[in-house]
Amino acid sequence: MAAKVGIFAAILLVCAILLPLLASSCPNHRPEFLEHDSSKTDITIHGDNNNVVHANVNDIAIPSSNYETRNERSLKEKKKSNKNKKNKKEMKSHEHGFEAFNFEHPLIGGGHHGYPHVFPGYNVDPITEEHEQLEILGGLREGFYQNTCPQAEQIIKNGLTRAFQNDSTIAAAIPRLFLHDCFVKGCDGSIFLDTTPSGGKVEKLSPSNGVTVKGFELIDEIKAELEENCPGIVSCSDVLAYLSRDAFVASGLPHYEVSGGRRDGMESRVENVVGNLPLPDDTVDQMIQLFNRKGLNAEDLVVLIGAHSIGVAHCFNFLYRMDTPEKAQMVDPRLGGVMKFTCTSQMSTIAFDATTQYKMDSVFYKQLLMKKGLLESDQVLTQDIRTRGFVQRFSNDEVGWFNKFGVAMNKLGAVEVLTGNQGEIRKQCRAINL
């Protein structure tokens, strides 16, 4: 019995010696772990010093893959924004708010890599969705007038609706104005100006514009109504951007959001038009080079050419094709007969798509594949390896084309824009402010 007591006392003595040594060699630390039930969206994060942070799984962004572009990330985040808005507002008021973070691949874009402030070793501000969207669209953003003139987009839409009921051709005329404005020194409303302080000829007098562009009276009418409701707030260039969207929607295109924030330019020179607008006899090389200069690519070119699903072309833009045997071979014989019969003068017109002249659809692309494109510049898209595949795809995938169209229009609307304190907000679209 005495032996057992001695052994037990020895064990207690060893424990008394070793336990303090082990405790001193291991500092107090509680491993970080997550408490999460897969059926719930709330998680609890435990860290050092018994700190606890509560978060919602929807608000913790996962780093983007190396193959995901900034545009793709922005579109994905935008889809989540409405769903997460309520959760984010609640988290902002939380004492231990957990901020989402973004990751930029060094080859895709520079700048800082944002990480949550929960990780104390990284003192870098996270890149927010709003910042990314502003960067992609040159400072523009959706809902720009939500606080300053919330009725702006409705006023513009109502104006288009009234005009469309009286003259359905206005739907094609407005987007033509938009492209002709944006491709010449940017989307700044310079095509509206009748005069400038310099006294020189303005853009609208260029042979590439002139009688082939219209819609100025509608712009005047809408701008006057906006000035009555929100004086000095909505720019003429933004009016044209929203109005172009509404024109396409009135013609059957699904609604898409348009970013605002453009300001109006203060000059308009006829010489600026030269070399900045596509011509009816352009080659694919010439068109791709022009679109590239504006920040658009070959796919954007083919997507936007689909706007010719509605509207008409003047005979002087295509009748010459029948005078050259080589060019005439690229014209469907029946279409060639229509050209000769209809074009009693150079100012006569023929619908781009006689089948569905007032409807935005993929029939236009099908006709190109059958050599039924009026303009040579449209038809040659089926002959070049860089563009033919897009024509074929959109001819069979109308929904896919619809989805890409709104994106391409917003890219077009971001070309060389004036924002912030640049330019001005005109009181009347035909003249700069005095």
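Tutor: A residue is called buried when its relative accessible area is under 20%. The model discussed here is predicted.

Student: Cys-315 and Cys-343 are the two ends of a disulfide. Is Cys-315 buried or exposed?
Tutor: The cut-off for buried is under 20% relative accessible area. Cys-315 has a value of 0%. Its partner Cys-343, at 11%, is on the buried side of the cut-off as well. Cys-315 is therefore buried.

Student: How many residues apart in sequence are the parts that the pair of Cys-315 and Cys-343 ties together?
Tutor: The two sulfur atoms, S to S, are 2.0 Å apart. Cys-315 sits in the loop between strand E6 (312–314) and helix H10 (325–328), whereas Cys-343 sits in the loop between helix H11 (333–342) and strand E7 (349–351). The parts tied together are therefore apart in sequence by 28 residues.

Student: What is the handedness of the link of Cys-315 and Cys-343, and what is that of Cys-182 and Cys-187?
Tutor: For Cys-315 and Cys-343, the angle about the S-S bond is -85°, and the link is left-handed. Cys-182 and Cys-187 also form a disulfide, with sulfur atoms 2.0 Å apart, and both cysteines are buried. The torsion about the S-S bond of Cys-182 and Cys-187 is about 120°, so this disulfide is right-handed.

Student: How many residues apart are Cys-149 and Cys-230?
Tutor: Cys-149 and Cys-230 form a disulfide with sulfur atoms 2.0 Å apart. The pair links distant parts of the chain: Cys-149 is in the loop between strand E4 (141–142) and helix H4 (152–166), and Cys-230 is in the loop between helix H6 (216–229) and helix H7 (236–250). Cys-149 has a relative accessible area of 1% and Cys-230 has 5%. Along the chain, Cys-149 and Cys-230 are 81 residues apart.

Student: Which pattern do the disulfides of the chain follow?
Tutor: The count comes to 4 disulfides. With bonded cysteines counted along the chain, their pattern is 1-4, 2-3, 5-8, 6-7.

Student: Which residues touch the most other members of the largest nonpolar core?
Tutor: Nonpolar side chains in soluble globular proteins tend to be buried together. The largest nonpolar core here has 74 residues. A second, separate core has 12 residues, including Phe-318 and Met-339. In the largest core, the members touching the most others are Phe-192, Phe-248, Phe-405 and Leu-412.

Student: Within what arc do the buried residues of H8 fall?
Tutor: Helix H8 covers residues 284–293, and its buried residues are Val-284, Met-287, Ile-288, Leu-290 and Phe-291. They line one face of the helix, because seen down the axis of H8 they fall within an arc of 160°.

Student: Which helices do the buried residues of H8 pack against?
Tutor: H8 is followed by Gly-295, whose phi is positive, near 85°. The buried residues of H8 have three partners for packing: helix H9 (298–305), helix H13 (376–379) and helix H14 (385–396).

Student: Which residues is His-308 in contact with, leaving aside its neighbours within four places in sequence?
Tutor: His-308 is found in the loop between H9 and E6. An unreviewed UniProt entry covers His-308 with the annotation "binding site". Leaving aside neighbours within four places in sequence, the contacts of His-308 are Phe-352, Asp-353, Phe-364, Leu-375 and Asp-378.

Notes:
Residues are numbered from 1 along each chain as its sequence is written. This is a predicted model: local features need pLDDT of at least 70, side-chain atom pairs count only at pLDDT 80 or more; totals for chains, interfaces and linings use all residues. Side-chain values use heavy atoms; hydrogens and water are left out. A disulfide is a pair of cysteine sulfur atoms within 2.5 Å. Helices (H or I, at least four residues) and strands (E, at least two) are DSSP runs, numbered from the N terminus. Buried means under 20% relative accessible area, exposed over 50%, partly exposed in between (1.4 Å probe, protein chains only). A nonpolar core is a set of buried Ala, Val, Leu, Ile, Met, Phe, Trp, Tyr and Cys residues joined through side-chain atoms within 4.5 Å. The arc is that of the directions from the helix axis to the C-beta atoms. Contact means heavy atoms within 4.5 Å. UniProt positions are given in the numbering used here, feature names are shortened, and annotations may be inferred rather than shown by experiment.
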